[in-house]
Amino acid sequence: MTSVVSSRVGFLQLLRLSDASLPLIDVVTAMEQPPLDLSKATKLKYLMFLCRGLKIQPTIMALRTVESKTLQRITIHPHISAIEGPIEETVQEWQDLDRLLIQFWTSRSVRSQFVYGRDEGGNYLRDHAPSLLPELTRRGLVDLVEHTPPSLRTTMR
Amino acid sequence: MSRSLPPEILDLTIDHLHDEPTALKACCLVSKSWVPRTRKHLFALVEFRTLQSPVERWKKNFPDHSNSPAHHTHTLCIRNLPTLIAADTEVGAWIRSFRNVVQLHLERITWEGPRSPLVPFHGFSPTIRSLSLTRTSFEVFDLICSFPLLEDLTLVLLAADDADRWTVPLASPKLTGSLELITPGMVPPIARRLLELPDGLHFVKIRVTCLNEEDARSATDLVSRCSSTLEILDIGCFLPGGFPSASAIV
């Protein structure tokens, strides 16, 4: 299994080197069935993704399967307690997401939402939105929403 | 000429205090005629959660099940059920007195041995539309199927169990509301049972947490089954790589 994965990665890298214009995500999507396939959810209106940290590759793969013509909003909520590891590793993924969300807006008028919380130091992660989703932010196509934890349930004693 | 307030005025006055428990308790002391309407709000939400025999206290205060304020309850929360009802032979009559419950929350209900403490709960309130099960044994699908009007289902951190022991019932609720599946790594067996329900799945909203590819594929199956009704999808997408702790997700 490991060798299959390794050879696949090698194949992807080879493709990337040989044809810089070919989007990497498209190659991945073409080769593998994404684990989360939303193509049959044709009446979707609101789609929300809570992502682990800044790694959003599974989210992108799932978004590429969306075919709903009634979709109104896509919400991205990175679950970040602190900026983990070198951010360069995830830059490509976020650029892909940025492009994909713009495509959703231009082709289907789907609005995007970026939910941010606080890191372990209590600092808001709102300022990361322009660097993670630069084009979307520049064009004012993303709504920034602060994450508020669910309120404690009211109980009667 | 009567000097008492017309009952509809009295009811209206007390209804304005529906979210003021302290004021409602004071109203109970004003007059016996004020008690019935006050109880309607005071007992709308009942929670049994302490380990100091709250069920016994309830039964001591309201020995006549048919006349207890339980019929006012629309939201019932129970935690640590096996501890609460241990050695209680009349739990069936007690729980059936909560016959108008619409929302049921059960938490931390696991057991050893063949007899599930959930059996007396089967169909106890035919009006239940929302069921939430947290940190509960996996053997809850008979309970789910016993509520014909059930719309919303929340399953959080179910304990793993033998998935082959279940006999699929002949009928199941329509499940037309929301599904919340916060069961890290346990989506496949739960989805398999949900997909077996004879009357299908018609959820409008699904919230599911996927910790691995198997979870994601099962989520895909659920989404596909609800494709004609699903409008809102909330995915906790935590694959691949290391996963956060379950508590962080919940």
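Reader: How does helix 2 of chain B pass helix 3 of chain B, left-handed or right-handed?

Author: Start with the idea: a crossing is left-handed if the near helix is turned anticlockwise from the far one by less than a right angle, and right-handed if clockwise. Here, helix 2 of chain B makes a left-handed crossing with helix 3 of chain B. Helices (H or I, at least four residues) and strands (E, at least two) are DSSP runs, numbered from the N terminus. Bear in mind that this is a predicted model: local features need pLDDT of at least 70, side-chain atom pairs count only at pLDDT 80 or more, and totals for chains, interfaces and linings use all residues. Residues are numbered from 1 along each chain as its sequence is written, while chains are lettered from A and ligands numbered from 1 in the order in which they are written.

Reader: At what angle do helix 2 and helix 3 of chain B cross?

Author: Axes are lines fitted to C-alpha atoms, for helices over the stretch in contact, and angles run from 0 to 180 degrees between N-to-C directions. For helix 2 (residues 21-28) and helix 3 (residues 35-42) of chain B, the angle is roughly 155 degrees, and the axes come within 9 Å. So the two helices of chain B, 2 and 3, are roughly antiparallel (over 145 degrees; under 35 is roughly parallel, 65 to 115 roughly perpendicular and the rest oblique).

Reader: Which residues make that contact between helix 2 and helix 3 of chain B?

Author: Two residues are in contact if their C-beta atoms, placed from the backbone, lie within 7 Å. Helix 2 of chain B brings B:Pro21, B:Leu24, B:Cys27 and B:Cys28, and helix 3 of chain B brings B:Val35, B:Thr38, B:His41 and B:Leu42.

Reader: And helix 8 with helix 9 of chain B: what is their angle?

Author: Helix 8 (residues 187-196) and helix 9 (residues 213-225) of chain B pack at about 20 degrees, their axes 8 Å apart. That is why helix 8 and helix 9 of chain B count as roughly parallel. Their crossing is left-handed.

Reader: What is the order of the strands in the open sheet?

Author: Two strands pair if DSSP finds at least two bridges between them. The open sheet has 12 strands with parallel pairing, in the order 4(A)-3(A)-2(A)-1(A)-8(B)-7(B)-6(B)-5(B)-4(B)-3(B)-2(B)-1(B). Strand 4 (142-146) of chain A and strand 1 (45-48) of chain B stand at the edges with a single partner strand each, so one side of each has no neighbour in the sheet. From one strand to the next, the twist averages 10 degrees.
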